[in-house]
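Please look through the structure shown here slowly, with the sequence beside it, before reading the explanation.

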Amino acid sequence: MTKTAYYADYVYYNNKIHTNTHLLTENDTITGIAENPADDYTIEIFSNSAIFPGLVNTHTHLPMGLFRGMADDLPLMEWLQNHIWPAEAKWLSPEFIQAASDLAAIEMIKSGTTLSNDMYFLSDHIASSLKKSGLKGIIGVGVLDFPTKFGTGADDYISKASDLHIKYKNDDNITVSLCPHAPYTVSPENYVKCVEFCGKHDLLLHTHLMEAANEAADSVAKHGKTTVHIMNETGAFDIKSIFAHCVHLGDDDIAIMGEKNVSVSHCIQSNMKLANGFAPVKKMMDAGINVTIGTDGAASNNDLDMIDEMRSVALVHKGVLRDATALPAETVLHMSTTGAAKALGVDDTGELKKGNKADFIVVSFDSPKTTPVFNPVSHLVYSASSSDVTAMYVNGKCLMKDRIIHTMDEEKIKYNARLWADKIING
């Protein structure tokens, strides 16, 4: 049995700051905190630092990092239909996905994300990369009505998800989900199939919802009802599920989703960059919706930096609502940790408490911009940067210490990413 005590000036244990104490672990599990651990513990000391739960990114497309910066400053549908979809059709392959997922993994390690909720294709290669890195992931298999080089239609995509679920059913780090892309690319009938599959296998359903301003009107014209009503009728709100964006919800939509305690992934930077608007986050939370935070893909963000994302969520909604008390730092941290893990149905991470897995990050408060410290939580949200994350542990295993990644070759991965960029640029 390996018993380790991690000292920091601040430890965010049981969602409260404790000072000058040690986080105690045995093998892969947290066992408590103590000012003076027993003699049989190995001691790790992190001075001028805080220990926080690993951050949880509830909506992303990890392999899209290799398209980062390729089509910026464009509206959503022009960006998606005229640039991203053609690039994916041309370039996606097992080799591309592996290289892109490796790049995403090192970016997440260096910015404090221990668990991500992904939606993409060739998902087995994403899972392989995350396993190599030591990170945890909900690996989503994309579903569309139409054929692509990844499947012939909804039934085929669901079949592939079934195979992947069987492969990773008992894995410690990888869980499979089903990801119908969006109501404008997946019919209500196929959503029903996805809901039934997820319900049968207790898997997460992960989809985009109400990201674009015209989605509700287009749905009414085509189906006679909004996409929120369609989701409700398909049963998507009654199973383990999470809905990305939800920018353009009306009061009736919010009431329905709040009554069902639906979980939402709020992707503020991507929504701002694509000029989609500002999701009514405070209204959603007040109605009972579990709002979490995601980055979206790095082709529309343009990074996977959850610390930066938390700051944007906290600041922008104060400004939009003209309310300095809206979404305080504690709330935003909860959205990125405990609330996020709950949304994904992962009950042993997202919070440092006895019995949970030892998934945590160390954030240095030693730089000028984080000195002095009065409130470590507000420091994390308002002052810190991803570069202040100095160490990461997942299941008690050290993935990074002193900014050096222990599980992957960072320089080789970045070199490989640059080779892919040359291929894309030269056609």
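The paragraphs below deal with a sheet and then with several salt bridges.

The model is a predicted one, and a good place to begin is its open sheet of eight strands, which has the order β3-β2-β1-β4-β13-β14-β15-β16 and mixed pairing. The edge strands are β3 (29-34) and β16 (404-405), each of which pairs on one side only. Strands of a sheet pair through backbone hydrogen bonds, either parallel or antiparallel. Strand β13 (residues 360-364) and strand β14 (residues 389-394) pair in the antiparallel sense over four bridges, and within this pair Val-363 stands opposite Val-389. Helix α2 (residues 94-111) packs on the sheet, where the helix touches β14, β15 (397-401) and β16, and its direction makes about 110° with that of β14.

Turning to the side chains, the structure holds 21 salt bridges. In one of them, Lys-136 and Asp-359 meet at 2.8 Å, N to O. Lys-136 lies in strand β7 (residues 136-143) and Asp-359 in the loop between α13 (338-344) and β13, so this pair ties together parts that are 223 residues apart in sequence. Is this pair buried or exposed? Lys-136 counts as buried because its relative accessibility is 7%, a value under 20%, and Asp-359, at 2%, counts as buried too.

Another salt bridge joins Asp-388 to Lys-369, with the closest N and O atoms 2.5 Å apart. Here Asp-388 is buried, with a relative accessible area of 7%, whereas Lys-369 counts as partly exposed at 41%. Finally, Lys-110, Glu-410, Glu-411 and Lys-414 are linked in a network of salt bridges.

Key:
Residues are numbered from 1 along each chain as its sequence is written. This is a predicted model: local features need pLDDT of at least 70, side-chain atom pairs count only at pLDDT 80 or more; totals for chains, interfaces and linings use all residues. Side-chain values use heavy atoms; hydrogens and water are left out. Two strands pair if DSSP finds at least two bridges between them. Helices (H or I, at least four residues) and strands (E, at least two) are DSSP runs, numbered from the N terminus. Contact means heavy atoms within 4.5 Å. Axes are lines fitted to C-alpha atoms, for helices over the stretch in contact, and angles run from 0 to 180 degrees between N-to-C directions. A salt bridge is a side-chain nitrogen of Lys or Arg within 4 Å of a carboxyl oxygen of Asp or Glu. Buried means under 20% relative accessible area, exposed over 50%, partly exposed in between (1.4 Å probe, protein chains only).
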